[in-house]
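Visitor: Please show me the sequence and the structure, and then let us discuss them.

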Amino acid sequence: MGYEQEGVWQYEFDEFIELTERDDQNLVVIDVREIEEYVEGHIPGVPLIPMGEIVYMIDKFKRDQHYIFICRSGRRSHEVAKFFKANGFEHVSNYAGGMLAWRGALASGEEKVVKDVSELYN
């Protein structure tokens, strides 16, 4: 069951799966790890925008979307979610435990490395 931490909702595995299996056009999941980590293994279909780059792109994100961030352990993605909240985004969450807690399928390679935020909405 999910919980709130420092003003950010934390989704756990079962709740995350349930949420992402819905056909919700307003939900965007973003991996914020480094490219080397992403290439090694990531959730299929989830795009990558490294934490160090996402902060410079924040003004290009749609404010009416719901964003769930994920990283290796959940700490970096939690910090990104807090950063989005501090910048006026209401619907941001974190995948608690990150890839260490992931029990689903994995993909490898540079499947969806985002260079421009507009790629998230196509």
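Guide: The following questions concern the sheet, the helices on it and one glutamine.

The model is predicted: local features need pLDDT of at least 70 and side-chain atom pairs pLDDT 80 or more, while totals for chains, interfaces and linings use all residues. Residues are numbered from 1 along each chain as its sequence is written, and side-chain values use heavy atoms, with hydrogens and water left out.

Visitor: Which strands stand at the edges of the sheet?
Guide: The open sheet has five strands in the order 1-2-5-4-3, with mixed pairing; strands are DSSP runs of E, at least two residues, and helices runs of H or I, at least four, numbered from the N terminus. Two strands pair if DSSP finds at least two bridges between them. A single partner leaves one side of a strand without a neighbour in the sheet, so the edges are strand 1 (3-5) and strand 3 (27-31).

Visitor: What is the bridge partner of Y3 in strand 2?
Guide: Strand 1 and strand 2 (residues 8-11) run antiparallel and are joined by three bridges. The partner of Y3 is Q10.

Visitor: Is Q65 buried or exposed?
Guide: Q65 lies in the loop between helix 3 (51-54) and strand 4 (66-70). Its side chain reaches the backbone oxygens of Q25 and N26, at 3.3 Å in each case. Buried means under 20% relative accessible area, exposed over 50% and partly exposed in between (1.4 Å probe, protein chains only). Because the relative accessible area of Q65 is 7%, Q65 is buried.

Technical notes: A polar contact is a pair of N or O atoms within 3.5 Å; within protein, one must be able to donate a hydrogen and the other to accept it, and residues adjacent in sequence count only if both atoms are side-chain atoms.
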